[in-house]
Amino acid sequence: MDVLVSRILESDTHSPQSTDALLESELTLDVAQKLSTELNTRLRQCKTELKQSLIDNRDTYTAAVDEVERAQESITQLLHGVDELQAMFGDEETGIRARVIEAIEREAQARKQIQDNSVVLEGLRVLESINAELRAMDALVRDARHMEAAKAIRAVEATVVDAHALDGTRIRAVLGDRIHLAAINVKENVLRDLRHLVSFEVTDSVATIRVAPLAKKHAQPPNASSDLAELFSALSTLDAGDDLAQAFSDCFVRDFVSPLLSVSVLADSTVKSTNDTKIFEVSLHREADGTTSASTVCNILSEALGFVNESLLRNDSGEESSLLKVASMLWADGCVPRLATLVVERCMLSCIPTTRRALAEFNNQIDVLVAFEDRLFGELCTEAANENDVSSADRPIRSKVGQIEGLFARRRCDESLNSVRKLAESSSFSVATMDGHERWTVDLVKQMVISSDDVESGDTDADCQTASSSLVEGASKLVAGRGLLLFPKCTVSAAIRRLVMTAYGLVNEGTQSSLDTAPHVSRMFVDTAQCVFDVYRALFFALHRTQLTKIPALGWQFFNDCMYAAHHAGIIGDLVALLPETPKTHHLSSSSSSAAATSSEWTATARLYVSIGKTHAASIVRQETEELRRLSTGGSKGADAFASASKDASKAQLAKIANQVRLSLTQLARAIRPPAVTPHVFYRTLGCYADAVFGATIDAIASIVDIGADDSQVLSEHCRSTLHLLAQLFLLDASVLEPYADIAPSMQTSRPSDNPGLLSNADAAFEDLLNSGDDDIDNDNEGVAGGDESLASGISSPRRSLPSAMKLANEHCKLANKLVQLADILVISRADILARRRAGLLEDFTVDELVELVRALFTGTIERERDIMELESL
């Protein structure tokens with residue numbers, strides 16, 4: 001390739017074949033540079049030779065023109081003579097006319113060639129003039145004499161436009177590209193000088209604007225304009241002044257304002273000078289707590305803008321230009337809205353408070369922001385633009401001020417949802433102590449609203465948030481219409497209490513929102529109050545399922561939480577429906593149909609909590625009863641121990657089984673001992689656990705084919721000891737039961753249709769839990785009232801003698817009486833069994849179960865068969 005290039009450079013000719021070879025090959029950098037240099041040299045040489053040749057031949061062309069004119073006259077005279085001869089002799093004889101016409105055509109061609117040559121000469125003269133202007137223009141561009149270069153570009157453009165000799169030629173397009181490239185170079189040089197003239201820098205500790213004079217490569221006339229004015233004038237001449245303003249505005253916003261406003265704490269600004277350089281500095285404190293006020297931020301930005309205007313728009317003699325004139329030159333039209341947008345995001349949108357009290361204080365900062373925006377539009381916009389934008393709704397700060405109520409609502413709702421999410425994600429499982437039963441009253445609603453601001457910080461100042469008159473009025477109507485709404489004392493988590501308080505606080509905010517500014521805000525608060533229940537329910541169980549399943553105490557606390565949430569969700573739904581219709585609350589309860597729909601939505605939320613609580617409680621009971629049945633039978637060794645109970649090893653094994661069952665059930669009972677749950681839940685759950693043990697014991701004994709006399713004695717004693725040990729777990733101290741004495745009737749008689757609160761929900765849920773279809777824990781009792789006489793006596797009369805352990809066990813365990821009857825059957829005669837069956841004392845056993853027991857206990861005789869036949873006939 002290098003050889004080919006060398007041959008082209010050394011030769012005087014250049015063929016199309018060499019061009020194709022060059023295009024198809026790859027040149028090295030050195031060779032390409034050498035080729036380019038040589039070609040440029042030859043091009044200049046050719047231009048010089050052509051120019052000199054034209055100059056040398058000019059006289060020749062002029063003489064030729066004169067000669068042609070003289071020839072034309074001679075030809076004209078000749079033609080007259082030819083015509084005369086032709087008239088005398090005819091053309092056929094002379095042939096003169098044809099030769100004359102041919103000579104005339106040759107003369108016309110010569111004249112046309114002369115005209116073409118004159119056009120070429122004129123074009124060359126124009127090109128020479130343009131080339132001289134281009135060289136002068138390039139020199140001005142290189143010397144960074146921006147204003148003179150811009151004027152030279154405009155002059156060359158005018159020359160090219162006026163050069164009609166270039167019409168229809170490619171030269172005009174080439175010259176246009178050359179001029180456009182020069183204009184681009186001027187713009188780049190101006191932007192480069194602008195970056196040198198003013199620079200922006202934001203570090204971890206300081207934000208700086210530095211203005212330094214440009215280094216002049218040429219002498220300046222007296223009272224020369226400022227550096228910035230010269231730059232703007234140059235680009236204005238090229239109709240590109242807006243480009244410079246846009247570039248400067250973008251740089252100011254991107255490199256100074258945006259990083260500055262990202263810092264939380266800003267200190268005061270300072271201005272200082274070093275030689276000819278002016279410096280504006282703002283101290284930054286990135287690690288400091290707190291945030292800078294809106295007034296401080298606005299003052300710092302105003303000072304920065306003033307510094308830029310004063311430093312850049314003053315000429316060398318110190319004279320200042322008209323503010324509006326220079327501002328329109330310096331700042332792009334979109335700069336002010338961008339600045340206002342950044343300020344409103346920094347000082348308003350990111351600082352929207354979450355309480356009404358803080359919102360009132362925040363309004364003072366809003367006035368500062370509005371005044372700052374007015375000052376920006378008044379000082380940095382052109383007069384025409386300012387007039388158009390005075391009443392414009394597109395002003396960022398003014399438009400957001402009109403949305404402050406909606407912004408506050410959205411911030412408050414988002415903050416509430418975020419706090420509920422954190423509550424659901426937390427694994428602390430902290431307990432909220434209930435000193436007594438929670439009675440739903442107007443005072444409770446007020447306390448919930450007050451505490452909704454900041455329970456964790458302990459701030460219960462009434463000024464934080466107070467219940468609105470509409471909320472108090474609605475609560476009074478609910479209490480008057482529904483009577484006692486009570487949640488019994490039990491263990492609930494601090495998270496669920498915080499959740500409920502948040503919901504009441506949101507509903508209260510909905511009653512205080514002004515519909516004049518944001519008609520949808522009231523509805524937003526109420527919808528968010530319902531959403532916090534849904535978010536917590538969806539997240540908490542999914543995140544903590546393992547802990548809730550492995551640790552029964554946490555599982556039952558979750559059951560209480562679900563009942564507590566359902567209790568208050570149902571009440572809030574009724575409360576929202578009863579809110580008085582006012583200008584601020586008519587969106588919450590404007591008609592009976594909307595009120596019914598709202599109540600229905602909240603009822604659905606309450607039912608979901610009851611459902612998940614019931615399902616998890618059922619899974620706990622099922623899991624623990626399966627484990628208790630396994631412990632009660634003792635596995636394969638336990639089966640041998642039951643089959644040969646009279647042996648010493650079997651007796652020890654049965655004692656071990658009884659002790660393991662007692663220890664396991666004691667731990668389970670401690671996890672649900674009141675006030676961990678309410679007494680009726682305690683008795684029901686413990687009865688299920690005990691029935692699992694009793695059922696497993698009965699099944700293990702009933703499965704034995706042959707029970708000896710000695711074995712029957714041991715098994716009977718095992719049944720009685722098991723019942724006695726487990727019955728002791730049903731005993732509760734009077735101090736534990738006494739707080740529930742005054743609500744025992746409600747706990748027993750409340751039904752889902754009578755009371756929508758927790759008691760009915762809990763009873764219905766637990767009734768479904770016990771009747772969930774599990775054969776091992778099936779329970780035929782209906783609701784809390786059915787079969788719960790001891791519960792009533794034990795709770796309502798704590799000062800009298802409490803029921804015995806055996807009585808409580810018999811009343812809360814379906815299989816306790818059956819286990820006692822089995823213990824008796826193991827040691828009595830067939831006659832006694834028949835007698836008791838006739839008297840109806842063995843009704844817990846089916847005929848088939850009694851027959852199998854008789855076959856296992858007694859030897860096969862005619863009398864046994866007769867007794868079996870009699871049993872089957874009863």
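T697 is buried in this predicted model, because its relative accessible area is 2% and the limit for the buried class is under 20%. The residue sits in helix α26, which spans residues 679-702. The side chain of T697 reaches back to the backbone oxygen of V693, at 2.9 Å. Beyond the neighbours within four places in sequence, T697 is in contact with S632, F642, H718, C719 and L819.

From this buried position we turn to charged side chains. Side chains of opposite charge can pair when their charged atoms come close. Here the count comes to 25 salt bridges, where a pair qualifies if a side-chain nitrogen of Lys or Arg lies within 4 Å of a carboxyl oxygen of Asp or Glu. Three of these pairs are taken in turn below.

One of them joins D138 and R178, whose closest N and O atoms are 2.2 Å apart. D138 belongs to helix α6 (residues 96-142) and R178 to helix α8 (residues 170-197), so this salt bridge ties together parts that are 40 residues apart in sequence. R178 has a relative accessibility of 34% and therefore counts as partly exposed, since that class covers the range between the 20% and 50% limits.

A second salt bridge has another setting. The side chains of D534 and R537 meet with an N to O distance of 3.0 Å. Both residues lie in helix α21 (residues 521-550); because they are three residues apart, about one helical turn separates them. D534 is partly exposed, with a relative accessible area of 25%.

The third pair is E865 with R855, and here the closest N and O atoms are 3.9 Å apart, a distance that still falls within the 4 Å cut-off. This salt bridge links distant parts of the chain: E865 is in helix α36 (residues 862-873) and R855 is in helix α35 (residues 847-857), with their positions ten residues apart in sequence. How accessible are the two partners? E865 is partly exposed at a relative accessible area of 32%, and R855 is partly exposed as well, at 35%.

Salt bridges may also share partners. R154, E157 and D239 are joined in this way into one network.

Conventions:
Residues are numbered from 1 along each chain as its sequence is written. This is a predicted model: local features need pLDDT of at least 70, side-chain atom pairs count only at pLDDT 80 or more; totals for chains, interfaces and linings use all residues. Side-chain values use heavy atoms; hydrogens and water are left out. Helices (H or I, at least four residues) and strands (E, at least two) are DSSP runs, numbered from the N terminus. Buried means under 20% relative accessible area, exposed over 50%, partly exposed in between (1.4 Å probe, protein chains only). A polar contact is a pair of N or O atoms within 3.5 Å; within protein, one must be able to donate a hydrogen and the other to accept it, and residues adjacent in sequence count only if both atoms are side-chain atoms. Contact means heavy atoms within 4.5 Å.
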